[in-house]
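Please look at the sequence and the structure shown below, and keep both in view while reading. The paragraphs that follow go from one part of the fold to the next.

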Amino acid sequence: MADPIYTVLFLCTGNSARSILGEAVLNKIGEGRFRAYSAGSHPKGHVHPMALSVLADMDFETSGFESKSWDAFGAPGSPEFDFIFTVCDNAAGETCPVWLGHPMTAHWGIEDPAAVEGDGQREAFLEALRYLSDRIERFVALPIESLDQIALKRKLADIGNAAGASSGASA
(Lines give C-alpha, C1' and ligand atoms only; values in the text may rest on other atoms or scores of the structure.)
Protein backbone atom coordinates (compact mmCIF):
# COMPACT_ATOMS: atom_id res chain seq x y z
CA MET A 1 0.00 0.00 0.00
CA ALA A 2 1.37 3.41 -0.97
CA ASP A 3 2.05 6.03 1.67
CA PRO A 4 -0.67 8.68 1.81
CA ILE A 5 -0.10 12.08 0.24
CA TYR A 6 -1.41 14.73 2.60
CA THR A 7 -2.97 17.87 1.18
CA VAL A 8 -2.37 21.14 3.01
CA LEU A 9 -3.86 24.60 2.55
CA PHE A 10 -2.06 27.68 3.86
CA LEU A 11 -4.49 30.54 4.47
CA CYS A 12 -3.86 34.24 4.88
CA THR A 13 -5.93 37.29 4.19
CA GLY A 14 -4.21 38.55 1.02
CA ASN A 15 -2.54 35.34 -0.24
CA SER A 16 0.42 37.35 -1.45
CA ALA A 17 3.25 36.64 1.02
CA ARG A 18 3.15 34.24 4.00
CA SER A 19 0.73 31.69 2.57
CA ILE A 20 2.69 31.67 -0.70
CA LEU A 21 5.92 31.07 1.24
CA GLY A 22 4.28 28.19 3.12
CA GLU A 23 3.04 26.59 -0.09
CA ALA A 24 6.49 26.82 -1.69
CA VAL A 25 8.35 25.44 1.32
CA LEU A 26 6.06 22.47 1.94
CA ASN A 27 5.98 21.49 -1.72
CA LYS A 28 9.79 21.43 -1.74
CA ILE A 29 10.61 19.79 1.59
CA GLY A 30 7.51 17.61 1.77
CA GLU A 31 9.32 15.16 -0.52
CA GLY A 32 6.16 14.02 -2.28
CA ARG A 33 4.38 13.14 0.98
CA PHE A 34 2.59 16.49 0.95
CA ARG A 35 0.88 18.66 -1.65
CA ALA A 36 0.49 22.27 -0.55
CA TYR A 37 -1.80 25.02 -1.77
CA SER A 38 -2.47 28.57 -0.62
CA ALA A 39 -5.39 30.98 -0.69
CA GLY A 40 -6.73 34.10 0.95
CA SER A 41 -9.99 35.38 2.34
CA HIS A 42 -9.49 38.72 0.53
CA PRO A 43 -6.75 38.04 -2.05
CA LYS A 44 -4.63 40.94 -3.24
CA GLY A 45 -4.75 39.67 -6.81
CA HIS A 46 -0.96 39.42 -7.14
CA VAL A 47 1.91 37.74 -5.34
CA HIS A 48 4.21 40.17 -3.54
CA PRO A 49 7.36 40.61 -5.67
CA MET A 50 9.63 40.25 -2.62
CA ALA A 51 8.08 36.85 -1.82
CA LEU A 52 8.99 35.64 -5.30
CA SER A 53 12.47 37.21 -5.10
CA VAL A 54 13.30 35.60 -1.76
CA LEU A 55 11.98 32.21 -2.87
CA ALA A 56 13.98 32.34 -6.09
CA ASP A 57 17.16 33.32 -4.24
CA MET A 58 16.71 30.31 -1.93
CA ASP A 59 16.19 27.90 -4.88
CA PHE A 60 12.46 27.42 -4.45
CA GLU A 61 10.19 27.03 -7.44
CA THR A 62 8.41 30.33 -8.17
CA SER A 63 6.32 29.64 -11.25
CA GLY A 64 2.59 29.23 -11.09
CA PHE A 65 1.92 31.18 -7.91
CA GLU A 66 -1.15 33.37 -7.88
CA SER A 67 -3.10 35.25 -5.27
CA LYS A 68 -6.48 33.54 -5.14
CA SER A 69 -9.57 33.35 -2.99
CA TRP A 70 -10.26 30.43 -0.72
CA ASP A 71 -13.50 30.13 -2.72
CA ALA A 72 -11.38 28.54 -5.47
CA PHE A 73 -11.18 25.45 -3.26
CA GLY A 74 -14.92 25.16 -2.71
CA ALA A 75 -15.67 24.20 -6.29
CA PRO A 76 -16.38 20.64 -7.41
CA GLY A 77 -13.16 18.78 -8.10
CA SER A 78 -11.15 20.82 -5.61
CA PRO A 79 -8.66 19.00 -3.40
CA GLU A 80 -9.96 17.65 -0.11
CA PHE A 81 -7.58 18.96 2.54
CA ASP A 82 -6.07 16.99 5.38
CA PHE A 83 -4.64 20.10 7.07
CA ILE A 84 -5.33 23.83 6.96
CA PHE A 85 -2.90 26.29 8.54
CA THR A 86 -3.69 29.96 8.98
CA VAL A 87 -0.49 32.00 8.87
CA CYS A 88 -1.89 35.43 9.66
CA ASP A 89 -3.93 36.51 12.65
CA ASN A 90 -6.69 38.11 10.55
CA ALA A 91 -7.40 34.90 8.65
CA ALA A 92 -7.38 32.92 11.90
CA GLY A 93 -10.15 35.13 13.27
CA GLU A 94 -12.38 34.95 10.21
CA THR A 95 -15.20 32.54 9.64
CA CYS A 96 -13.78 30.04 7.22
CA PRO A 97 -15.79 28.09 4.68
CA VAL A 98 -16.86 24.57 5.57
CA TRP A 99 -14.12 22.39 4.14
CA LEU A 100 -14.81 18.95 2.74
CA GLY A 101 -13.32 16.11 4.75
CA HIS A 102 -13.09 18.06 8.03
CA PRO A 103 -9.37 18.84 7.88
CA MET A 104 -7.22 19.30 10.95
CA THR A 105 -6.59 23.02 11.48
CA ALA A 106 -4.00 25.06 13.35
CA HIS A 107 -2.91 28.67 13.57
CA TRP A 108 0.74 29.28 12.68
CA GLY A 109 0.70 33.08 12.76
CA ILE A 110 3.76 34.99 11.61
CA GLU A 111 4.13 38.75 11.37
CA ASP A 112 3.41 40.11 7.90
CA PRO A 113 6.67 40.81 6.06
CA ALA A 114 4.76 42.82 3.45
CA ALA A 115 3.92 45.35 6.17
CA VAL A 116 7.61 46.28 6.33
CA GLU A 117 8.62 48.87 3.78
CA GLY A 118 12.00 50.12 2.72
CA ASP A 119 15.38 48.69 3.60
CA GLY A 120 14.13 46.11 6.10
CA GLN A 121 11.58 44.44 3.84
CA ARG A 122 13.87 41.78 2.38
CA GLU A 123 15.06 40.78 5.85
CA ALA A 124 11.42 40.61 7.03
CA PHE A 125 10.62 38.20 4.18
CA LEU A 126 13.72 36.12 4.92
CA GLU A 127 12.73 35.94 8.59
CA ALA A 128 9.17 34.87 7.72
CA LEU A 129 10.62 32.22 5.40
CA ARG A 130 12.91 30.93 8.18
CA TYR A 131 10.05 30.71 10.69
CA LEU A 132 7.77 28.95 8.22
CA SER A 133 10.55 26.59 7.12
CA ASP A 134 11.21 25.64 10.75
CA ARG A 135 7.54 24.94 11.40
CA ILE A 136 7.13 22.97 8.20
CA GLU A 137 10.23 20.88 8.92
CA ARG A 138 8.77 20.04 12.32
CA PHE A 139 5.41 19.22 10.73
CA VAL A 140 6.95 16.98 8.05
CA ALA A 141 8.87 15.08 10.76
CA LEU A 142 5.70 14.22 12.71
CA PRO A 143 4.65 10.57 12.70
CA ILE A 144 1.20 11.61 11.48
CA GLU A 145 -0.04 8.07 10.89
CA SER A 146 0.70 6.98 14.46
CA LEU A 147 -0.74 9.99 16.32
CA ASP A 148 -4.33 10.12 17.48
CA GLN A 149 -6.37 13.23 16.68
CA ILE A 150 -5.86 14.85 20.09
CA ALA A 151 -2.10 14.32 20.09
CA LEU A 152 -1.80 15.55 16.51
CA LYS A 153 -3.86 18.67 17.26
CA ARG A 154 -1.61 19.39 20.27
CA LYS A 155 1.57 18.93 18.20
CA LEU A 156 0.25 21.29 15.50
CA ALA A 157 -0.57 23.92 18.12
CA ASP A 158 2.91 23.55 19.61
CA ILE A 159 4.42 24.11 16.19
CA GLY A 160 2.29 27.24 15.78
CA ASN A 161 3.61 28.60 19.06
CA ALA A 162 7.26 28.13 18.07
CA ALA A 163 9.76 30.96 17.64
CA GLY A 164 8.39 33.76 15.52
CA ALA A 165 4.76 33.28 16.50
CA SER A 166 2.81 36.47 15.94
CA SER A 167 1.05 38.13 18.84
CA GLY A 168 -2.25 36.50 17.88
CA ALA A 169 -0.98 32.94 18.13
CA SER A 170 -2.42 30.83 20.91
CA ALA A 171 -2.41 27.26 22.13
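To speak of how two helices pack, one needs an axis for each, and here axes are lines fitted to C-alpha atoms, for helices over the stretch in contact, while angles run from 0 to 180 degrees between N-to-C directions. With that in hand, and bearing in mind that this is a predicted model, we can turn to helix α4, which spans residues 121-141, and helix α5, which spans residues 149-160: their axes lie 9 Å apart, and the angle between them is about 160°. Angles over 145 degrees count as roughly antiparallel, and α4 and α5 are therefore roughly antiparallel to each other. Their crossing is right-handed. On the side of α4 the contact is made by Arg135, Arg138 and Phe139, and on the side of α5 by Leu156, Asp158, Ile159 and Gly160. Sorted by class, the residues of this contact of α4 with α5 are three nonpolar, one polar and three charged.

It helps now to step back to the whole chain. The protein chain holds five helices and four strands, and when they are read from the N terminus on, the elements follow the order β-α-β-α-β-α-β-α-α. The chain has 171 residues, of which 48% count as buried. Among the contacts in the protein chain with a separation of 6 or more, 71% are accounted for by residues 24 or more positions apart.

The strands come next. In general, strands of a sheet pair through backbone hydrogen bonds, and the pairing is either parallel or antiparallel. In this structure the four strands form an open sheet in the order β2-β1-β3-β4, and their pairing is parallel. The strands β2 (34-40) and β4 (104-107) stand at the edges with a single partner strand each, so one side of each is left without a neighbour in the sheet. On average, and with direction ignored, neighbouring strands of this sheet are turned by 20° against each other.

What covers the two faces of β1? On one side of this strand Tyr6, Val8, Phe10 and Cys12 are buried, and on the other side Thr7, Leu9 and Leu11 are buried, which leaves both faces of β1 covered. Seven of the seven residues of β1 are buried, so this strand is largely enclosed by the rest of the structure. The strands β1 and β2 run parallel and are joined by seven bridges, and Phe10 stands opposite Ser38 in β2.

Elsewhere in the sheet, strand β3 (residues 83-86) pairs with β4 in the parallel sense over four bridges, and here Thr86 stands opposite His107 in β4. Helix α1 (residues 18-29) packs on the sheet, where this helix touches β1 (6-12) and β2, and the direction of α1 makes about 170° with that of β2.

One residue of strand β4 deserves a separate look, namely Thr105. Is Thr105 buried, exposed or partly exposed? Residues that are neither under 20% nor over 50% in relative accessible area count as partly exposed, and Thr105, with a relative accessible area of 35%, is therefore partly exposed. If its neighbours within four places in sequence are left aside, Thr105 is in contact with Ile84 and Lys153. Thr105 and Phe81 are 24 residues apart in sequence, and in space they are 9.9 Å apart from C-alpha to C-alpha.

We can now return to α4 and its other helix partners. The axes of α1 and α4 come within 9 Å and cross at roughly 45°, and α1 and α4 are therefore oblique to each other. This crossing of α1 and α4 is right-handed. In α1 the contact is made by Arg18, Leu21, Gly22, Val25, Leu26 and Ile29, and in α4 by Phe125, Ala128, Leu129, Leu132, Ser133, Ile136, Glu137, Phe139 and Val140. The residues of this contact of α1 with α4 divide into eleven nonpolar, two polar and two charged.

Helix α2 (residues 49-57) also meets α4: the axes of α2 and α4 come within 10 Å and cross at roughly 60°, and the crossing is right-handed. Here Met50, Ala51, Ser53, Val54, Leu55 and Asp57 in α2 meet Gln121, Arg122, Phe125, Leu126 and Leu129 in α4. By class, the contact of α2 with α4 has seven nonpolar, two polar and two charged residues.

Definitions and conventions:
Residues are numbered from 1 along each chain as its sequence is written. This is a predicted model: local features need pLDDT of at least 70, side-chain atom pairs count only at pLDDT 80 or more; totals for chains, interfaces and linings use all residues. Side-chain values use heavy atoms; hydrogens and water are left out. Angles under 35 degrees count as roughly parallel, over 145 as roughly antiparallel, 65 to 115 as roughly perpendicular and the rest as oblique. A crossing is left-handed if the near helix is turned anticlockwise from the far one by less than a right angle, and right-handed if clockwise. Contact means heavy atoms within 4.5 Å. Ala, Val, Leu, Ile, Met, Phe, Trp, Tyr, Cys and Pro count as nonpolar, Asp, Glu, Lys and Arg as charged, and the others, Gly among them, as polar. Two strands pair if DSSP finds at least two bridges between them. Buried means under 20% relative accessible area, exposed over 50%, partly exposed in between (1.4 Å probe, protein chains only).
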